Amino acid sequence: MPYTPRTRAISLAELEIVRDLALQIWPKCYRHMIAPDHIDEMLAALFDLDTLEQDITQKGHIYWAVHVGHRDVGFASAHLEGSRVWITKLYVLQDYRGFGLGKALIQAVQDYFSPAQAMSVCVHKDQDVAVDFCLRRGFTVDREIPFELGNYGFTDYVMNKDLRN
């Protein structure tokens with residue numbers, strides 16, 4: 001990769017970055033799990049600018065973008081519950097995967113919420129690439145939970161990582 005990636009927390013005024021990236025990433029990421037017309041519905045609900053703003057103003061979420069060259073290519077969001085950080089979103093454009101950008105986003109989350117003692121993320125059980133990514137980052141599968149999104153039922157892994165080391 002010719003450019004050094006940079007992560008940064010993004011402001012309310014920059015939430016279009018998240019929505020625009022989600023519109024590019026989600027259809028490819030979930031096409032084998034969700035019908036295309038339902039992906040559009042879910043994107044509209046999950047990544048509506050008002051919803052994203054409520055994540056920040058009412059739920060305490062922080063959003064980060066990862067920037068390479070002249071463009072933002074991924075994002076993450078997380079919030080703190082007690083001494084545990086929950087990563088609620090972590091996405092990188094397909095062409096930019098494998099270059100450490102997801103790792104950089106996780107590190108930005110961990111640095112921001114230091115000295116949190118643990119980090120958790122829910123990952124769709126059938127998303128092998130995402131599960132493997134989290135395992136390589138030191139997460140372990142804690143349990144399976146049912147998850148509903150629209151008319152679709154999934155099984156997610158709750159994956160945890162001890163940050164006290």
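Is Asp72 buried or exposed, and what is its relative accessible area? In this predicted model, Asp72 is buried, with a relative accessible area of 16%, and the views below begin with the strand that holds this residue.

**View 1. Strand 3, spanning residues 71–81, is mostly covered.** Of the 11 residues in strand 3, 8 are buried. Asp72 is part of this strand, and so is Ala78, which stands opposite Ile62.

**View 2. Strand 2 and strand 3 pair in an antiparallel arrangement.** Strand 2, made of residues 62–68, is joined to strand 3 by 7 bridges, and within this pairing Ile62 faces Ala78 of strand 3. The two strands form a hairpin with 2 residues between them, and Gly69, located in the turn, has a positive phi of about 65 degrees.

**View 3. Strand 3 also runs antiparallel to strand 4, residues 84–92.** Here 8 bridges join the two strands, and His79 has Trp86 in strand 4 as its bridge partner. This pair of strands likewise makes a hairpin with 2 residues between the strands, in which Gly82 takes a positive phi near 65 degrees.

**View 4. The surroundings of Asp72 in strand 3.** The side chain of Asp72 is joined to that of His67 by a polar contact of 3.1 Å. When residues up to four places away in sequence are not counted, Asp72 touches Arg8, Ile17, Leu21, Ala65, Val66, His67 and Leu93, so that His67 appears both in this list of contacts and as the partner in the polar contact. Asp72 counts as buried because its relative accessible area, 16%, is under the 20% cut-off.

**View 5. Cys122 and Cys134, two cysteines without a disulfide between them.** A search of the whole structure finds 0 disulfides. Cys122 is accordingly in no disulfide, and the nearest cysteine sulfur, which belongs to Cys134, is 10 Å away. Viewed from the other residue, the closest cysteine sulfur to that of Cys134 is in Cys122, and because the separation is 10 Å, the two are too far apart for a bond; the cut-off for a disulfide is a pair of cysteine sulfur atoms within 2.5 Å.

**View 6. The accessibility of Cys122 and of Cys134.** Cys122 has a relative accessibility of 34% and therefore counts as partly exposed, whereas Cys134, with a relative accessibility of 4%, counts as buried.

Note on methods. Residues numbered from 1 in each chain as written. Predicted model: local features only at pLDDT ≥ 70, side-chain atom pairs only at ≥ 80, totals over all residues. Heavy atoms only, no water. Buried < 20%, exposed > 50% of the residue type's maximum accessible area, 1.4 Å probe, protein only. Helix = DSSP H or I, 4+ residues; strand = E, 2+ residues; numbered from the N terminus. Pairing = 2+ DSSP bridges. Polar contact = N/O pair within 3.5 Å; in protein donor to acceptor, adjacent residues only side chain to side chain. Contact = heavy atoms within 4.5 Å.
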